[in-house]
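The following exercises are to be worked through with the sequence and the coordinates at hand. Each task is followed by a solution in steps.

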Amino acid sequence: MILIPCPHCGPRDEAEFTYGGPRRHFSALNGQTTPDDWQAALYHPANPRGPLAELWYHASGCERWIEVTRHTATHDISQSGPPSRPEEGT
């Protein structure tokens, strides 16, 4: 069981959430991006071992998206909060 610290509702069981996948910053894929680049970004994301920023939707709670940094091997959560905005140009 993973306890996800919702910034709006407090710690909740992962069963209350819907996994939205790894956090991706698509602004880096600009007008010069090829179809192969888009395909790789959408369908072949990295699968790192270690901390990964992810999006989770609190479906059975506040009904908001949150960003969680979770270690993919241990499932330890180091931080959570509202989804971050990508930095300019990334």
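**Exercise 1.** Determine whether tryptophan 65 is buried, partly exposed or exposed, and describe the ring pair that it forms with tyrosine 57.

*Solution.* Step 1: the relative accessible area of tryptophan 65 is 43%. Buried means under 20%, exposed over 50% and partly exposed in between, with a 1.4 Å probe and protein chains only, so tryptophan 65 is partly exposed. The model is a predicted one, in which local features need pLDDT of at least 70 and side-chain atom pairs count only at pLDDT 80 or more, whereas totals for chains, interfaces and linings use all residues. Residues are numbered from 1 along each chain as its sequence is written, and side-chain values use heavy atoms, with hydrogens and water left out.

Step 2: tyrosine 57, at 25% relative accessibility, is likewise classed as partly exposed.

Step 3: a pair of aromatic rings is described by the distance of the centres and the angle of the planes. Rings of Phe, Tyr and Trp (its six-membered ring) pair if their centres lie within 6.5 Å; planes under 30 degrees apart count as stacked, over 60 as edge-to-face and the rest as tilted. Three aromatic pairs satisfy this rule. For tyrosine 57 and tryptophan 65, the centres are 5.2 Å apart and the planes make 50°, hence a tilted pair.

**Exercise 2.** Classify the pair of tyrosine 19 and tryptophan 56, and state where its members lie in the chain.

*Solution.* Step 1: with 5.0 Å centre to centre and 70° between the planes, the pair of tyrosine 19 and tryptophan 56 is edge-to-face.

Step 2: tyrosine 19 belongs to strand β3 (residues 18-22) and tryptophan 56 to strand β4, so the pair links distant parts of the chain, 37 residues apart. Strands here are DSSP runs (E, at least two residues), numbered from the N terminus.

Step 3: tyrosine 19 is partly exposed at 40%, while tryptophan 56 is buried at 7%. Both belong to one aromatic cluster with Phe17.

**Exercise 3.** How is strand β5 paired, and why does it count as largely enclosed?

*Solution.* Step 1: two strands pair if DSSP finds at least two bridges between them. Strand β4 (residues 51-57) runs antiparallel to β5 and is joined to it by seven bridges; in this pairing, proline 51 faces histidine 71.

Step 2: β5 also pairs with strand β6 (residues 77-81), in the antiparallel sense, over four bridges, with valine 68 opposite serine 80. β5 and β6 form a hairpin with five residues between them, and histidine 75 in the turn has a positive phi of about 65°.

Step 3: five of the seven residues of β5 are buried, so the rest of the structure largely encloses this strand. Threonine 69 in β5 (residues 65-71) is buried at 15% relative accessibility.

**Exercise 4.** Which residues form the largest nonpolar core, and why is cysteine 62 not bonded to cysteine 6?

*Solution.* Step 1: a nonpolar core is a set of buried Ala, Val, Leu, Ile, Met, Phe, Trp, Tyr and Cys residues joined through side-chain atoms within 4.5 Å. The largest has seven residues: Ile2, Ile4, Cys6, Phe17, Trp56, Ile66 and Val68. Strands β1 (3-6) and β5 each supply at least two of them.

Step 2: a disulfide requires two cysteine sulfur atoms within 2.5 Å, and the structure holds zero disulfides. The sulfur of cysteine 62 is 3.7 Å from that of cysteine 6, its closest cysteine sulfur, which is too far for a bond.

Step 3: cysteine 6 is buried at 4%, whereas cysteine 62 is partly exposed at 23%.
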